[in-house]
Amino acid sequence: MAAHRPGPLKQQNKAHKGGRHRGRGSAQRDGKGRLALKTLSKKVRKELSRVDQRHRASQLRKQKKEAVLAEKRQLGGKDGPPHQVLVVPLHSRISLPEAMQLLQDRDTGTVHLNELGNTQSFMLLCPRLKHRWFFTSARPGDLHTVLDMAKVADTILFLLDPLEGWDSTGDYCLSCLFAQGLPTYTLAVQGISGLPLKKQIDARKKLSKAVEKRFLHDKFLLLDTQQEAGMLLRQLANQKQQHLAFRDRRAYLFAHAVDFVPSEENNLVGTLKISGYVRGQTVNVNRLLHIVGHGDFQMKQIDAPGDPFPLNPRRIKPQKDPDMAMEICATDTVDDMEEGLKVLMRADPDRQESLQAEVIPDPMEGEQTWPTEEELSEAKDFLKESSKVVKKVPKGTSSYQAEWILDGGSQSGGEGDEYEYDDMEHEDFMEEESQDESSEEEEEYETMTVGESVHDGLYDEKVDEEAEAKMLEKYKQERLEEMFPDEVDTPRDVAARIRFQKYRGLKSFRTSPWDPKENLPQDYARIFQFQNFTNTRKSIFKEIEEKEVEGAEVGWYVTLHVSEVPVSVVECFRQGAPLIAFSLLPHEQKMSVLNMVVRRDPGNTEPVKAKEELIFHCGFRRFRASPLFSQHTAADKHKLQRFLTADMALVVTVYAPITFPPASVLLFKQKSNGMHSLIATGHLMSVDPDRMVIKRVVLSGHPFKIFTKMAVVRYMFFNREDVLWFKPVELRTKWGRRGHIKEPLG
């Protein structure tokens, strides 16, 4: 019997495919050693087994854990700098001397008092905890001192009131500190044990709710007894450190001792010797040094004296009595330190960075000689060969005006189609590139700053009528700018073609071309510009991470010899102001154009006009400048804002020394009574002189007679020549109808 054979019409079902559900082993068996083309062209990654993967993950976890522990041990340890703690009382009822006295526990360790002018500070050495602290203090009323010391503090200790937590001045200080960037912080309450026992629980609950508004998921400690102070010290020592990006990439130093040696030629200038512990990065003597509030300077040499506050003091055993050991304190080792003083580095004139902040422009650069006869003849031949463009233009149009009229669209039709108008007001849009920012001047400022809660006696007792009138006028201007943006009245005493001769008509603000190098002011030849700012920033940061720098290591106690420093720096230090120095990265002493994204502080409603002098806190710098405000958009042209608006983020543009982001930005305005008010907060966006800030002007007119496809407009210009001058510029109505000026009447 013959077997059955399937015919040609038998149904053939598809075989089941495992697809993505297959394991790695089955895929390797099916591939039989074949590799994809991409795998062959790239570097072959070694695939680890599950055991090796787990082992590798555990190694990475162990490395990260060791790095965190090493960082924690270094801060405040014998090989690292002291743990610097800034104590800030946030309420007027808090007693700062009592809190500092509780922290000076003689049983815990050795206390070294250090009076820096009006600032209370002391060094606490605790061999039992293997830690050393340096406590400083600042009042919230002196806002600039608080902000400057917060830039270098490892931890900020906020002292709270048991009933209210903080007052309006403390709240204002907290707003500024949050905007600048907070390092590690701890909350402590002083005086809660002085309340009755029944009210202590209620006070804690109310204070916890108040603290949650500002500090999420943070608990506060008590500071009323010596035992509570010891618990607070343990919390400070074991707390995880938060990093500020702008100071981690730079070396910085808080001055513990300052000495001034005047120069032989001039007593007002000399060499400043700053002694302190190196933090952040290694200090190189060939780099420039920035003293906060005073400017940039060069260093001569770096000395390495003995550490005045060692965690484990040395013991000397005399030969006569070997059992007797004598402990050497820091106050008794001055002579020994002088003998053991050694010079770490001296500045190399060939490798030292220059203090040049501006380019010296060459007036002959860019000049060209008069063309020869051959070049003139070639230009004439080229013009003859080029095809001439024929345009249909109104009668009386000059050749210059004809260049602005586009040939096409509505202009190719009849005379009635060429000029369309609507029954609303007609606006003439013109823009001007605004590059004339006022140069900032870096200068110190020592005025005491008090929060807005302090009432001005000037306003209650003796009102300054002139200042009130100026403020009222600014409020009116801000209101008009908000209602009618960019609108300007046409002047009657000056011809409009002369008043607005720097402006040009743009068909489209977004798409019309504009060369950023065109018609730049003369001051632009004095600033520096990067070919590629982003790549330069990346290469500098990469060099910091990978390349080893010669100099004073982190944790060393050194003395920096800074040359050509004015004597006013020492006078400020002796009066109680802190002296803080930052080592600059390459190019950070040079002047350029900084662009910062800021947002208006909700607590300030006073109108701020462009080009008003403001006080800037940008990263580690503090300076004065007169900024421009512009819109924060992704386009290549950005419209100038005449006032700092409150409803959106704006870009602030200033002449200032180069600073590599990230860096926080705070803007303050000085009032007539000397107080400072916070205007806006934000961050540094870029260093770009080519960012175009365009000033727009709108000239409006009133329709006198309206026809079907044309209208008679008046009050836009006041003489015939101005109408003919602005004839090529396109007009637009409020509802979007477009057209051109046909002819002047009268």
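**Exercise 1. Cysteines.** Work out whether Cys618 is buried or exposed, and how many disulfides the structure holds.

*Solution.* Start with Cys618 in this predicted model: its relative accessible area is 0%. The cut-off for buried is under 20%, so Cys618 is buried. Cys173 also has a relative accessible area of 0% and is buried. Next, look for a partner for Cys173: the closest cysteine sulfur is in Cys176, 6.7 Å away. A disulfide needs the two sulfurs within 2.5 Å, so that gap is too far for a bond. Over the structure, the count of disulfides is zero.

**Exercise 2. Aromatic pairs.** Find how many aromatic pairs a search of the whole structure gives, then classify Phe158 with Tyr185 as a pair.

*Solution.* The search turns up 19 aromatic pairs. For Phe158 and Tyr185, the ring centres sit 6.4 Å apart, with the planes at 55 degrees. Stacked means under 30 degrees and edge-to-face means over 60, so this pair is tilted. Now place the two residues: Phe158 belongs to strand β5 (residues 155-160) and Tyr185 to strand β6 (residues 184-189), so the pair ties together parts 27 residues apart in sequence. As for accessibility, Phe158 comes in at 0% and is buried, while Tyr185 is at 18% and counts as buried too.

Then try Phe582 and Phe620: with centres 5.2 Å apart and planes at 25 degrees, they are stacked. Phe582 is in strand β20 (residues 580-583), and Phe620 is in the loop between β22 (614-618) and β23 (621-626), 38 residues away. Both of these Phe residues, Phe582 and Phe620, are buried.

To finish, put Phe158 and Tyr185 in context: they share one aromatic cluster with Trp166, Phe178 and Phe215.

**Exercise 3. Charges over rings.** Say which ring face Arg492 lies over, and which one Lys590 lies over.

*Solution.* Arg492 lies over the face of Phe718, 4.5 Å from the ring centre. Lys590 does likewise with Phe528, at 5.0 Å from the ring centre.

**Exercise 4. Nonpolar cores.** Identify which residues have the most contacts inside the largest nonpolar core.

*Solution.* That core has 52 residues, and the ones with the most contacts inside it are Phe158 and Phe668. Domain 1 (72-238) and domain 2 (587-694) each supply at least three of its residues. Zoom in on Phe668: its contacts, leaving out residues up to four places away in sequence, include Leu143, Tyr172, Cys176, Leu614 and His676. Apart from the largest core lies another, of 33 residues, including Phe530, Phe623, Ile679 and Ala680.

Notes: Residues are numbered from 1 along each chain as its sequence is written. This is a predicted model: local features need pLDDT of at least 70, side-chain atom pairs count only at pLDDT 80 or more; totals for chains, interfaces and linings use all residues. Side-chain values use heavy atoms; hydrogens and water are left out. Buried means under 20% relative accessible area, exposed over 50%, partly exposed in between (1.4 Å probe, protein chains only). Rings of Phe, Tyr and Trp (its six-membered ring) pair if their centres lie within 6.5 Å; planes under 30 degrees apart count as stacked, over 60 as edge-to-face and the rest as tilted. Helices (H or I, at least four residues) and strands (E, at least two) are DSSP runs, numbered from the N terminus. A charge sits over a ring if NZ of Lys or CZ of Arg is within 6 Å of the ring centre and within 35 degrees of the ring normal. A nonpolar core is a set of buried Ala, Val, Leu, Ile, Met, Phe, Trp, Tyr and Cys residues joined through side-chain atoms within 4.5 Å. Domain bounds come from an automatic or database domain assignment. Contact means heavy atoms within 4.5 Å.
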